[in-house]
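Biologist: Hello! I would love to walk through this model with you, one question at a time. Shall we put it up on the screen?

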Amino acid sequence: MLSRAVTTSARRCRALASSRAPTRAFVSAKLPDLDYDFSALEPVICAEIMEIHHQKHHNTYVTNFNIAQEKYAEAEAKGDYAGMIAMQPAIKFNGGGHVNHALFWKCLTPPKDYALPEGELLKMIERDFGSLNAMQDKFTAATVAVQGSGWGWLGYDKANKKLAVTTTANQDVCLSTGLTPILGVDTWEHAYYLQYKNLRPDYVKNLWKIINWKVWDIGESRRTHQGAAKP
Ligand code: MN3
């Protein structure tokens with residue numbers, strides 16, 4: 001009796017296993033549309049930079065992220081662990097490039113629509129930095145000092161329930177520092193060189209004129225796969 005029960009259950013297991021799809025599906029990333037025209041951020045960022053940055057740079061991250069995801073899924077389906085591990089740097093770099101840019105576009109707004117932060121976010125900035133100006137000075141200094149290419153961030157530290165400024169190298173996401181991103185600034189030369197040349201400090205300082213502080217209120221980081229911005 002016992003051996004027959006074991007055999008039946010083994011048959012059931014094999015039947016269930018063979019009915020499963022061999023490859024786990026992944027969600028393809030898509031290049032998001034901008035909420036404004038390429039020229040809408042002038043004079044802070046010129047249309048040529050915006051068009052190349054969105055249509056070429058961001059689009060390439062999306063394409064290569066999807067290729068890497070597909071190769072990872074194929075390796076996973078075959079139980080090819082070394083193959084899975086080999087794809088991780090490409091997923092980290094191109095996936096990071098995608099989610100960082102998706103958030104960056106949402107963090108910007110045409111100069112005519114600029115509004116100061118207010119409400120809950122302003123209170124937290126004043127509590128944790130002393131003033132909006134003090135936060136901006138700290139953010140600007142940290143972001144200008146990024147060596148090579150990377151990102152400057154204002155993020156939320158859930159463990160200590162406070163805002164903090166940080167930076168990441170290359171396309172590393174803000175979440176890799178433990179902070180949930182609120183505001184991210186691209187310091188790669190492709191983000192400013194055509195207009196600002198070597199003057200990264202001028203680029204970062206001018207960006208304050210087009211920061212979309214509503215990014216906090218609408219929880220945009222959640223929709224760009226970077227986790228919930230609000231505490
Ligand atoms: Mn970029």
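Biologist: Let's start with a single residue. In which loop is Glu189 found?

Modeller: Happy to help, and keep in mind that this is a predicted model. Follow the chain past strand β3 towards helix α6, which covers 193-196. Glu189 is found in the loop between β3 and α6.

Biologist: Is Glu189 buried, exposed or partly exposed?

Modeller: To be buried a residue needs 20 or more other C-beta atoms within 10 Å, and to be exposed 12 or fewer. Glu189 has 15 C-beta neighbours inside 10 Å, so Glu189 counts as partly exposed.

Biologist: And how far apart in space are Glu189 and Arg200?

Modeller: In sequence, 11 residues separate them. From C-alpha to C-alpha, the distance between Glu189 and Arg200 is 8.2 Å.

Biologist: Arg200 takes us to α7. At what angle do helix α5 and helix α7 pack?

Modeller: Helix α5 spans residues 132-144 and helix α7 residues 200-207. Thr140, Thr143 and Val144 of α5 meet Arg200, Pro201, Val204 and Lys205 of α7. The crossing is right-handed. The axes lie 10 Å apart, and the angle is about 145°.

Biologist: Why do the buried residues of α7 line one face of the helix?

Modeller: The residues in question are Tyr203, Val204 and Leu207. They pack against α5, β3 and α6. Looking down the axis of α7, you find them on one face because they fall within an arc of 90°.

Biologist: Now the sheet, please. In what order do the three strands come?

Modeller: The sheet is open and its pairing is antiparallel. Its edge strands, each pairing on one side only, are β2 (162-169) and β3 (180-186). From one strand to the next the twist averages 20°. The order is β2-β1-β3.

Biologist: Over how many bridges do β1 and β3 pair?

Modeller: Strand β1 runs over residues 150-157, and the sense of this pairing is antiparallel. Within the pair, Trp153 stands opposite Gly184, while Leu154 stands opposite Leu183. The count of bridges between β1 and β3 is six.

Biologist: Is β3 largely enclosed or left open by the rest of the structure?

Modeller: The neighbour counts settle this one. Seven of the seven residues of β3 are buried, so the rest of the structure leaves β3 largely enclosed.

Biologist: Which helix gives the most residues to the largest nonpolar core?

Modeller: That core has 38 residues, and Cys107, Leu108, Trp153, Leu154, Leu183 and Ile211 have the most contacts inside it. Cys107, for one, touches residues further along the chain, including Leu183, Ile211 and Val215. With five residues, the helix that gives the most is α3 (residues 81-106).

Biologist: There is another core too. How many residues does it have?

Modeller: This other core lies apart from the largest one. Among its members are Ala29, Phe65, Ala68 and Tyr72. Its residues number seven.

Biologist: One last helix. Which residues of α4 are buried, and why do they line one face?

Modeller: Helix α4 covers residues 119-129. Seen down its axis, the buried residues fall within an arc of 40°, so they line one face of the helix. On the other side, Gly119, Glu120, Lys123 and Arg127 are exposed. The buried residues of α4 are Leu121, Ile125 and Phe129.

Conventions. Residues numbered from 1 in each chain as written. Predicted model: local features only at pLDDT ≥ 70, side-chain atom pairs only at ≥ 80, totals over all residues. Core = buried A, V, L, I, M, F, W, Y, C linked by C-beta atoms within 7 Å. Helix = DSSP H or I, 4+ residues; strand = E, 2+ residues; numbered from the N terminus. Contact = placed C-beta atoms within 7 Å. Pairing = 2+ DSSP bridges. Axes fitted to C-alpha atoms, helices over the stretch in contact; angles between N-to-C directions. Arc of directions from axis to C-beta. Left-handed = near helix turned anticlockwise from the far one by under 90°. Lists of a residue's contacts leave out its neighbours within four places in sequence.
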